[in-house]
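Please read the following report alongside the sequence and coordinates shown below. It moves from strand pairing to a single side chain and then to a metal site.

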Amino acid sequence: MANAEEQKLHYPFGDELPAPGAALEVAPGVRWVRMPLPFALDHIHLWLLRDRDGDGREGWAIVDCGVADDATRTAWEQVFARHLDGLPVLRVIVTHMHPDHIGNAAWLCERWNCRLWISATDWNAARIASQSTTGFGGEHAAAFFRMHGLVDPQAIAKVRARGGYYASMVPEVPRQFRRLMDGQVLRIGDHAWRCIAGYGHAPEHIALHCEALGVLVSGDMVLPRISTNVSVIDIEPEADPLPLYLASIERMRALPAGTLVLPSHGRPFTGLHERIAQLLRHHEERFADTLAACRARPCSAADLLPVLFRRALDLHQTTFAMGEAIAHLHALAGRGLLRARTDADGVRRFEATGA
Ligand SMILES: [Zn+2]
């Protein structure tokens, strides 16, 4: 994204970031925690919300968990020792099933003897993914990427070898959970937080909005610097997730313009309406680029990588980029502007319909 766009957003905390194991108060009873990640995207933001349970016991709700590794758990222990005001964790809320968000849920729920709160769809998807391979690697993912034109034998070998990728970051998902649904209102401490379901990024992502505080925990649905990953993966090969994602963020336009957005990646910001407009524009531009490329010659998803991503990609980024390229192709096919065909080499290419 162009810097000019980022400058239209306002970052009320400037360059300040919580150190590993620390927490920074961003609104009354809302604390910001930053954890390391072993990817090019090197951090995730997690949130502590001042809470009270049914028996009137004071404590905290945790929103999102970090990946299940030693660095993250050590940082959590430091947060527990210094930043909970001596109070316990009463529940663990997870926005969605991706490893950086749910990785430590089982560890945290056991550590504090508390419940996981998550959408039923993402709980089920996480349970299955932690026990098998779904979209992140293995034989099926390799065949799927190959069909979409990723023929580089080294890349395919790496995808194939990565069968246990999800489980390595999410070794366990709690056996029990409480279900979050769109529109549900949670009483967390002194405040009401409304669940906003979002689609296209994860099966059923839950963002949390507190009207009284003017705060949105946006998870991965609205990020200030990067666009949210919206991918087609091998377990749902005909999926058309981009219209779902775009409709989901359009709905967030109904929130007040001055809302403080707490994203999972990138700094807290205000300027939600501007950011949503930027993301809608970004995807329209990518649609135009995709369509132009396919009008010049039929393109596979792999053919589109240099068109959509004008930089070198590592394997992790390549698999995400492939998923995103397929999503753009499927959305245009869904609009009747492209048509898929499978060529003699087994590769699926998309040609313009002339519509
Ligand atoms: Zn995610």
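## The β10–β11 pair

In this predicted model, strand β10 (residues 205-210) pairs with strand β11 (residues 215-219) in the antiparallel sense, over three bridges. Within that pairing, L208 has V217 of β11 as its bridge partner.

## The five-strand sheet

Strands β10 and β11 belong to an open sheet of five strands, which has the order β8-β9-β10-β11-β12 and mixed pairing. Because β8 and β12 (260-263) each have a single partner strand, they stand at the edges, and one side of each is left without a neighbour in the sheet. Neighbouring strands of this sheet are turned against each other by 25° on average, direction ignored.

## L186 in the edge strand

L186 lies in strand β8, which covers residues 185-188. Is L186 buried or exposed? L186 counts as buried because its relative accessibility is 3%, which is under the 20% limit used for that class.

Beyond its neighbours within four places in sequence, L186 is in contact with I93, W117, L180, H191, A192, W193, C195 and L208. One of these contacts, L208, is the residue bridged to V217 in β11, whereas E204, 18 residues from L186 in sequence, is 17 Å away in space, C-alpha to C-alpha.

## Strands β5, β6 and β7

Several other contacts of L186, including I93, W117 and L180, take part in bridges of a further set of strands. Strand β5 (residues 89-93) pairs with β6 in the parallel sense over three bridges, and I93 has W117 in β6 as its bridge partner. Strand β6 is in turn joined by three bridges to strand β7 (residues 178-180), again running parallel, with L180 in β7 as the bridge partner of S119.

Strand β6 itself, spanning residues 115-119, is mostly covered, since four of its five residues are buried.

## The zinc site

Which atoms coordinate the zinc ion? The donors are H96 (NE2), H98 (ND1), H201 (NE2) and D220 (OD), at 2.1 to 2.2 Å, and their residues are spaced in sequence as H-x1-H-x102-H-x18-D. Two of these donor residues can be described further: H96 is buried, with a relative accessible area of 0%, and H98 also counts as buried, at 14% relative accessibility.

The angles among the four donor atoms run from 90 to 172°, and the site of the zinc ion is irregular. For reference, the ideal angle for four tetrahedral donors at a metal is 109.5 degrees. The tetrahedral class requires all angles to lie between 85 and 135 degrees, so the upper end of the range, 172°, keeps the zinc site out of that class.

Terms used
Residues are numbered from 1 along each chain as its sequence is written. This is a predicted model: local features need pLDDT of at least 70, side-chain atom pairs count only at pLDDT 80 or more; totals for chains, interfaces and linings use all residues. Side-chain values use heavy atoms; hydrogens and water are left out. Helices (H or I, at least four residues) and strands (E, at least two) are DSSP runs, numbered from the N terminus. Buried means under 20% relative accessible area, exposed over 50%, partly exposed in between (1.4 Å probe, protein chains only). Contact means heavy atoms within 4.5 Å. Two strands pair if DSSP finds at least two bridges between them. Donors are N, O and S atoms within 2.8 Å of the metal (3.2 Å for Na, K and Ca); water is not among the atoms, so sites may look incomplete. Four donors count as tetrahedral if all angles lie between 85 and 135 degrees; four count as square planar and six as octahedral if opposite donors are over 155 degrees apart and all others between 65 and 115; anything else is irregular. Axes are lines fitted to C-alpha atoms, for helices over the stretch in contact, and angles run from 0 to 180 degrees between N-to-C directions.
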